[in-house]
Amino acid sequence: METAGSVAGTRSTWTPPSARGRARAPSLVRCRALAMEQPPSVRTVAIPFSDLKERGKDLSGKIEEGLGPNGLGIISISDVPDFPALRRTLLRLAPRVANLPEDVKRQLEDPDSRYNFGWSHGKEKLEAGKLDTSKGSYYANPILDVPTTDDVLVSRYPSYCRPNIWPADHLPELEIAFKALGKLMLEVGLMLAHHCDLYVMQHGVEPYDGESLEQTVSRSRCHKGRLLYYFPRQFSTQKEGGSVSSWCGWHTDYGSLTGLTCGLFMRNSVEIPCPDSTAGLYIRTRDNQVVKVTFGEDELAYQIGETTELLSRGRLCATPHCVQAPSSENASNVERSTFAMFMQPDWNETLKFPSEISYHQELIPPNGALTFGEYSERLVNKYYQGKT
């Protein structure tokens, strides 16, 4: 999920193969063909928060099942204290953001960051190349309002380094709710990262050449939260056909970890269940099958990003995923809100890429080292500007 040219944590124009030679994402035509047959639904591997917070507990079996080479690349955490209330508070603010006066929303835009801070609407491109006006987003760093005051860095990495923008005069509660949920998702993500490190080291991989996932995420200054709002639509009595990726195109997150909430659906400001059982998150498995992935609305889900797959030498695996919109008659006049927390290395974090990883080699210098900022720059050039 991202805006056009965004570096907020995902790449929507390609799907990388895994360290074990996973096939690239199929063409859009193939994805649409798959949408004609409803894929099976699979429940995420879930870890109770009470187990996750015990640093000495052996969760390697769960980690491998959910995030390992044969997993779905996603895992959920249940019974996280305060999460249900924080989720509901923030997600119910999304329509209020979207319905602010147009002149106010323009003041909340930041084109210099490629719309990666503040309000963004109609800037993201769908797979067909059309601008997506069906949803709006609000981006902010929940941890640091001003990641850096270095003008050189702000100019070079505007999507990471520019300051937050908040509607302090029109919706001051947004900043409070956004930061509260984002900080909680980071804290739980760091607990998960600790257990991922233990799992990786059990399989003979040194902790990221001396730097663990937990340490890398903990010291980063460029985490990014994204509050998404899908505008109400009208649907006909016949179910609309089309791609399984109708809400968010096929992509693989390229950061470290991505935290996800379940979507919150409302009609006329009243919360309702999801109106279409086919709507939701879809993942392409290791054996090239598409499955619908589900987790509880009071659970926090985490997906592995490509950078973590690379540095764990494939022990932790990122998977291609997309989001299908509801399209039945029951979905008319329904609005949806959700939140994603992109946890990624600092722009100055040096990444040492192992030689056995066969893809993106054209981006990697002979010494196998790049900062995350340099790496993400090269990815943007490769996939958005056709450069290497």
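Here is a short chat about helix 3 and the cysteines of a predicted model.

User: What makes a residue count here, and how are residues numbered?
Analyst: Numbering starts from 1 along each chain as its sequence is written. Since the model is predicted, local features need pLDDT of at least 70, side-chain atom pairs count only at pLDDT 80 or more, totals for chains, interfaces and linings use all residues, and side-chain values use heavy atoms, with hydrogens and water left out.

User: How do you know that the buried residues of helix 3 line one face?
Analyst: The buried ones are Ser60, Ile63, Gly66 and Leu67 (buried is under 20% relative accessible area, with a 1.4 Å probe and protein chains only). Down the helix axis they fall within an arc of 145 degrees, so they sit on one face; the arc is taken from the directions from the axis to the C-beta atoms.

User: Why is helix 3 called roughly perpendicular to helix 9?
Analyst: Their packing angle is about 90 degrees, with the axes 9 Å apart. Roughly perpendicular covers 65 to 115 degrees, so helix 3 gets that label.

User: What makes Cys161 buried?
Analyst: Its relative accessible area is 1%, and Cys262 counts as buried too, at 16%.

User: Why is there no bond between Cys161 and Cys222?
Analyst: A disulfide needs a pair of cysteine sulfur atoms within 2.5 Å. The sulfur of Cys161 is 7.3 Å from that of Cys222, its closest cysteine sulfur, so that's too far for a bond. Cys262 is in no disulfide either, with the sulfur of Cys274 9.3 Å away. The structure's count is zero disulfides.

Definitions and conventions. Buried < 20%, exposed > 50% of the residue type's maximum accessible area, 1.4 Å probe, protein only. Helix = DSSP H or I, 4+ residues; strand = E, 2+ residues; numbered from the N terminus. Axes fitted to C-alpha atoms, helices over the stretch in contact; angles between N-to-C directions. Parallel < 35°, antiparallel > 145°, perpendicular 65-115°, else oblique.
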